[in-house]
Amino acid sequence: MIKKFKWHRLFILILGILVFIVGFWFLITSNQNIKMIYLINMDIEEVIEYAKKNKIDYEIIEEYSEDIEKNKVIAQNIKEKTIVNEKLIIKVSLGPKPVDIYKKLGVNELGRVPIMMYHGIHNMKNEQTLYTGGNVDNEGYNRTTEAFRADLEFYYQNDYRMIKLNDYINGNIDVDLGKSPIVLTFDDGSENNIKVTGLDNKGNIIIDPNSAVGILEEFKNKYPDYNVTATFFLNIGLFEQLKYNEKILKWLVENNYDIGNHTYGHINFTNVNKTETQKQVATVYQKLDEIIKDKYVKIVSLPYGSPFKKSHDNFDFILNGKYNDYSYKTDATLRVGWESDYSPFSTDFDKTFIKRIRAYDNNGSEFDIEMNFKRLESNRYISDGDKNTVVIKKENLQNLISTTKKIISY
């Protein structure tokens with residue numbers, strides 16, 4: 001005898017499956033229609049209660065703040081009135097940093113800053129050169145890739161963090177608490193600064209990993225907190241790669257690097273007149289205007305460090321001039337130099353004539369890397385971690401410039 005099919009059981013089964021699906025869907029989308037509220041300055045306990053009530057996954061990050069009181073919200077990753085569809089990350093104030101932290105870390109924002117001067121980076125081992133350490137030439141202006149990698153590792157391990165040269169001259173030093181700023185510069189635009197080996201299938205440049213930028217990008221991946229950057233000072237030949245020069249410049253400014261002026265023909269300013277001085281400066285600015293207008297820095301790296309005194313007749317025409325109806329204004333100049341320079345908050349700081357450290361080896365003498373960084377141990381700039389404040393010792397207040405930033409002395 002054939003049993004009668006029980007349709008009501010199938011109906012109950014299907015209904016159960018539908019109820020499960022609807023319930024599960026409701027569970028996973030229950031907070032998708034919740035719009036974020038404005039959390040800034042709210043007490044963290046209120047925020048936690050709000051997140052739990054609305055089943056919002058959250059993470060709390062604590063940091064010191066001079067402006068927002070302890071346990072209040074400083075920042076939120078999800079904007080107000082935005083539908084919540086990701087983890088809520090909340091920054092909460094620990095209040096102002098206690099003075100004992102400044103003392104413990106030796107915070108000193110009137111300390112000195114190393115501006116490193118590099119030229120060519122050659123794909124060689126140190127042992128392959130005829131000179132001291134990683135020097136490729138007798139004067140140490142060119143460096144091996146082995147030495148350059150070691151330099152970058154040394155800076156990082158000794159708590160130096162890169163900042164842009166333009167930020168340094170403008171007093172915009174954004175470095176973590178207890179760390180020190182360092183600036184990297186390259187003169188001459190040698191091909192090995194950023195050697196292009198071709199284009200990918202999207203037309204983007206392929207950079208030789210053993211060129212200076214290739215190594216810098218390697219460290220950018222290795223240490224995300226390094227804020228890898230540098231400023232490249234160019235003559236009219238740019239990077240000596242006619243086929244790729246424009247792509248190189250655009251790639252650099254789009255990837256956290258800067259371009260500056262090293263004069264048309266790398267001339268010695270003490271050997272030319274005022275007209276030639278203006279031509280040498282103006283023509284490079286004009287060239288950069290054609291390719292990366294408003295995206296380069298108005299800084300001149302002085303060839304040979306000339307003129308060697310600001311009192312020279314040509315110096316004013318490096319800062320301001322006009323050639324063939326093209327006018328320019330230079331914000332700062334760089335010397336060939338030998339040592340670190342002053343904090344931008346120091347009364348001794350002069351952005352129009354900045355000293356640099358030659359990045360070379362000389363067994364710890366003649367102002368080489370080793371000698372300079374030993375000297376910096378006692379007077380380096382050490383950050384308070386807040387670019388909007390300047391922290392110094394009370395006995396140094398007389399050496400501080402007038403600034404709109406908040407001053408904290410201890």
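**Note on pockets and rings**

1. The charged end of R380 lies over the ring of Y160, 4.0 Å from its centre. This comes from a predicted model. R380 also helps line the second largest pocket.

2. That pocket, the second largest, holds about 160 Å³ of space. Its lining includes G106, N108, L110, G111 and R112. E377, S378, N379, I382, K393 and N396 line the second largest pocket too. By class, the lining has two nonpolar, six polar and four charged residues.

3. R112, in the lining of the second largest pocket, has a ring contact as well. Its charged end sits over the ring of Y342, 4.5 Å from the ring centre.

4. Now the largest pocket. Its space is about 470 Å³. The lining counts 20 residues. Nearest the centre are E63, D174, G385, D386 and K387. Eleven residues of this lining are charged, five are nonpolar and four are polar.

5. Which residues do ring pairs link into a cluster? They are Y118, F148, F186, F232, F239, W251 and Y257. Across the structure there are 21 aromatic pairs. One of them joins W251 and Y257, and this pair is stacked. The centres are 6.0 Å apart, with 25° between the planes.

6. Are W251 and Y257 buried or exposed? W251 has a relative accessible area of 18%, so W251 is buried, the cut-off being under 20%. Y257 is buried as well, with a relative accessible area of 0%.

Technical notes. Residues numbered from 1 in each chain as written. Predicted model: local features only at pLDDT ≥ 70, side-chain atom pairs only at ≥ 80, totals over all residues. Heavy atoms only, no water. 1 Å grid on protein atoms, 1.4 Å probe; cavity = no way out; pocket = protein on both sides within 12 Å on 5 of 7 lines; lining within 4 Å. Points joined across faces, edges and corners; volume = space filled by probe spheres on them. Nonpolar A, V, L, I, M, F, W, Y, C, P; charged D, E, K, R; others polar. Phe/Tyr/Trp six-rings, centres within 6.5 Å; stacked < 30°, edge-to-face > 60°. Buried < 20%, exposed > 50% of the residue type's maximum accessible area, 1.4 Å probe, protein only. Lys NZ or Arg CZ within 6 Å of the ring centre and 35° of its normal.
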